[in-house]
Amino acid sequence: MREWDAAPEAVASDVVASLGRCDRELGDFATGVTLDYDFGPDSGLYPHLILSTEQDGVQQADIRKTIRMPISLHPFLSNEISIRLTLGFTPSACHVTSVIEVHLDQPMGTFAAGSHTLHRRASEGLTLAEALRAAEAHVRDLYRVATFPETLGLPPRG
């Protein structure tokens, strides 16, 4: 892995390759969860990959998979699970955060309507190389919490 002082093209190549792997691996995880649990007949998995946003002077890449469970179309209500990996880059340090959040328009399991964080892990003050390795480790760590749908009262598929 190259660091910031390497040629910009080489750094960009490493970052894009790592983001591509993380996007595929996060997609595999989210797909596995949707196959393992019954989210309802009209549920769907929606991928999002936002490669560059700036927040508080930090460039970010956001990889997100959303499981949407429609409740009603009039007005549109849904319960959503967001599985997200965010990488933040500055010239001096990088950070990686993985999060599983739910936004509930209707209560589920023991959770009231509203937004709830089911899992959060953050790694901060990393070099670029460390951040890219940490991102892949964060995705692998999600498999330790793969039964989170049970906390929402969702039954495993038989």
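**Exercise 1. Describe the overall fold and dimensions of the protein.**

Solution. Read from one end of the sequence to the other, the secondary structure runs α-β-β-β-β-β-α-α. The model is a predicted one. Its inventory is three helices and five strands.

Next, the dimensions. The C-alpha trace spans about 50 × 30 × 20 Å along the principal axes.

Then the contacts. Of those between residues at least 6 apart in sequence, 56% join residues at least 24 apart.

**Exercise 2. Summarise burial, surface and charge for the whole protein.**

Solution. Start with burial: 41% of the 158 residues are buried.

Turn to the surface. The accessible area is about 8400 Å², and carbon and sulfur atoms account for 53% of it.

Finish with charge. There are 13 positive and 21 negative side chains. The centres of these two sets lie 3 Å apart.

**Exercise 3. Find the aromatic pairing in the structure and classify its geometry.**

Solution. Step one is the search, which over the whole structure returns one aromatic pair.

Step two is the geometry. The ring centres of Phe29 and Tyr143 are 5.0 Å apart and the planes meet at 80 degrees, so the pair is edge-to-face. The cut-off used here is that planes over 60 degrees apart count as edge-to-face.

Step three is the location. Phe29 belongs to helix H1 (residues 8-36), while Tyr143 sits in the loop between helix H2 (128-142) and helix H3 (148-151). The two residues are 114 residues apart, and the pair links distant parts of the chain.

Step four is accessibility. Phe29 has 2% relative accessibility and therefore counts as buried. Tyr143, at 46%, counts as partly exposed. The limits applied are under 20% for buried and over 50% for exposed.

**Exercise 4. Work out the surroundings of Tyr46, including the charge placed over its ring.**

Solution. First place the residue: Tyr46 is in strand E1 (residues 44-55). Its relative accessibility is 35%, so Tyr46 counts as partly exposed.

Next list its contacts. With neighbours within four places in sequence set aside, Tyr46 is in contact with Arg64, Lys65, Thr66 and Arg68.

Now take Arg68 from that list. Arg68 lies over the face of Tyr46, at 4.5 Å from the ring centre. Between the C-alpha atoms of Tyr46 and Arg68 the distance is 7.6 Å, for a separation of 22 residues in sequence.

**Exercise 5. Decide whether Ser82 is buried or exposed, and list its contacts.**

Solution. Ser82 is located in strand E3 (residues 76-89). Its relative accessible area is 11%; because this is under 20%, Ser82 is buried.

For the contacts, residues up to four places away in sequence are not counted. On that basis Ser82 touches Arg64, Lys65, Thr66, Val99, Ile100 and Glu101. Arg64, Lys65 and Thr66 are also among the contacts of Tyr46.

As a check on distance, take Thr127. Thr127 lies in the loop between strand E5 (114-126) and H2, and is partly exposed at 35% relative accessible area. Thr127 and Ser82 are 27 Å apart, C-alpha to C-alpha, with their positions 45 residues apart in sequence.

**Exercise 6. Contrast the accessibility and contacts of Glu136 with those of Glu124.**

Solution. Begin with Glu136, a residue of helix H2. At 16% relative accessibility, Glu136 counts as buried. Beyond residues up to four places away in sequence, Glu136 touches Ser18, Arg21, Cys22 and Glu25. Helix H1 covers residues 8-36, so these contact positions fall within helix H1.

Now take Glu124, which lies in strand E5. Its relative accessible area is 62%, so Glu124 is exposed. Leaving aside neighbours within four places, Glu124 is in contact with Cys94 and His95. From Gly32, Glu124 is 92 residues away in sequence and 28 Å away in space, C-alpha to C-alpha.

The result: Glu136 is buried, whereas Glu124 is exposed.

Technical notes
Residues are numbered from 1 along each chain as its sequence is written. This is a predicted model: local features need pLDDT of at least 70, side-chain atom pairs count only at pLDDT 80 or more; totals for chains, interfaces and linings use all residues. Side-chain values use heavy atoms; hydrogens and water are left out. Rings of Phe, Tyr and Trp (its six-membered ring) pair if their centres lie within 6.5 Å; planes under 30 degrees apart count as stacked, over 60 as edge-to-face and the rest as tilted. Helices (H or I, at least four residues) and strands (E, at least two) are DSSP runs, numbered from the N terminus. Buried means under 20% relative accessible area, exposed over 50%, partly exposed in between (1.4 Å probe, protein chains only). A charge sits over a ring if NZ of Lys or CZ of Arg is within 6 Å of the ring centre and within 35 degrees of the ring normal. Contact means heavy atoms within 4.5 Å. Accessible areas come from the Shrake-Rupley method with a 1.4 Å probe; for residues, only the protein chains shown count as cover. Lys and Arg count as positive and Asp and Glu as negative; His and the chain ends are not counted. The place of a charge is taken as NZ of Lys, CZ of Arg, CG of Asp or CD of Glu.
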